[in-house]
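Trainee: Before I use any of the labels attached to this entry, I would like to see how each one is justified. Can we go through them one at a time?

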Amino acid sequence: MSKHQYDLIQCMKQPGRTNGLVCLNCDGRCPICDSMVKPTEEAKICHSCSQGSLFNKCILCGNYLGANNENSIPANYCFECVLFEKHREGCPRVINVGSNKADLIFKNKK
Ligand SMILES: [Zn+2]
Ligand SMILES: [Zn+2]
Ligand SMILES: [Zn+2]
């Protein structure tokens, strides 16, 4: 299920009211499990991920979304992540892109 989490660190702060945005490449991907199946609920990101230099970046891959997010699509959690309430765990924005910090994940995992 959570096949991508082994090499990605997610923010996991308390989500605010801002919709998470993804780029065209990440359109339809669940921010938690990467599933493209049954997008169910809009993903919300935390306050610090919705401002400054992060405000117009894809929450999954960090792609630039345009000055006013004109190339963005709202991120949606898949049916399964909503069903198991994984979407309540926190802000889903990916902090590191790539696997160079993979070992940190294990320390942060419960
Ligand atoms: Zn999912
Ligand atoms: Zn965040
Ligand atoms: Zn992206």
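Mentor: What follows sets the labels against their cut-offs, and the model is a predicted one.

Trainee: What makes Cys-23, Cys-26, Cys-58 and Cys-61 the donors of the zinc ion (ligand 3)?

Mentor: A donor is an N, O or S atom within 2.8 Å of the metal. The SG atoms of these four cysteines lie at 2.2 to 2.3 Å from the zinc ion (ligand 3), so they count as donors.

Trainee: Why is the site of the zinc ion (ligand 3) called tetrahedral?

Mentor: Four donors earn that word if all angles lie between 85 and 135 degrees. The angles among the 4 donor atoms here are 104 to 117°, so the site qualifies as tetrahedral. Along the chain, the donor spacing is C-x2-C-x31-C-x2-C. Cys-23 sits in the loop between strand E3 (21-22) and strand E4 (39-42), and Cys-58 in the loop between strand E5 (44-45) and strand E6 (73-74); the pair links distant parts of the chain, 35 residues apart.

Trainee: How do you know that Cys-23 and Cys-58 are buried?

Mentor: Buried means under 20% relative accessible area. Cys-23 has 5% and Cys-58 has 4%, so both are buried by that limit.

Trainee: Why is the site of the zinc ion (ligand 1) called tetrahedral?

Mentor: Its donors are the SG atoms of Cys-30, Cys-33, Cys-78 and Cys-81, at 2.2 to 2.3 Å. The angles among these 4 donor atoms run from 102 to 116°, and the range for tetrahedral is 85 to 135 degrees, so the term applies. The spacing along the chain is C-x2-C-x44-C-x2-C. Cys-30 is in the loop between E3 and E4 while Cys-78 is in strand E7 (residues 76-78), so this pair ties together parts 48 residues apart in sequence. Both Cys-30 and Cys-78 are buried.

Trainee: What makes Arg-29 and Asp-34 a salt bridge?

Mentor: Side chains of opposite charge can pair when their charged atoms come close. The rule asks for a side-chain nitrogen of Lys or Arg within 4 Å of a carboxyl oxygen of Asp or Glu. The closest N and O atoms of Arg-29 and Asp-34 are 3.0 Å apart, so the pair passes. Arg-29 is partly exposed at 22%, whereas Asp-34 is buried at 15%.

Trainee: How many salt bridges does the rule give?

Mentor: The count comes to 2. Arg-88 and Glu-85 also form one, their closest N and O atoms being 3.4 Å apart.

Trainee: Why is Arg-88 called exposed, but Glu-85 partly exposed?

Mentor: Exposed means over 50% relative accessible area, and buried means under 20%. Arg-88 has 57%, so the word exposed fits. Glu-85 has 42%, which falls in between, so partly exposed is the term.

Trainee: What makes Phe-79, Leu-83 and Phe-84 a nonpolar patch?

Mentor: Patch residues need over 30% relative accessible area and no salt bridge, and nonpolar side chains are joined within 5 Å. Leu-83, in helix H1 (residues 79-83), has 53%, so Leu-83 passes the area cut-off. Phe-79, Leu-83 and Phe-84 have about 330 Å² of accessible area together.

Trainee: And the chain as a whole?

Mentor: The chain has 2 helices and 8 strands. Of its 110 residues, 42% count as buried.

Key. Residues are numbered from 1 along each chain as its sequence is written. Chains are lettered from A and ligands numbered from 1 in the order in which they are written. This is a predicted model: local features need pLDDT of at least 70, side-chain atom pairs count only at pLDDT 80 or more; totals for chains, interfaces and linings use all residues. Side-chain values use heavy atoms; hydrogens and water are left out. Donors are N, O and S atoms within 2.8 Å of the metal (3.2 Å for Na, K and Ca); water is not among the atoms, so sites may look incomplete. Four donors count as tetrahedral if all angles lie between 85 and 135 degrees; four count as square planar and six as octahedral if opposite donors are over 155 degrees apart and all others between 65 and 115; anything else is irregular. Helices (H or I, at least four residues) and strands (E, at least two) are DSSP runs, numbered from the N terminus. Buried means under 20% relative accessible area, exposed over 50%, partly exposed in between (1.4 Å probe, protein chains only). Patches are made of residues with over 30% relative accessible area and no salt bridge: like charges are joined within 9 Å, nonpolar side chains (Val, Leu, Ile, Met, Phe, Trp, Tyr) within 5 Å. Accessible areas come from the Shrake-Rupley method with a 1.4 Å probe; for residues, only the protein chains shown count as cover.
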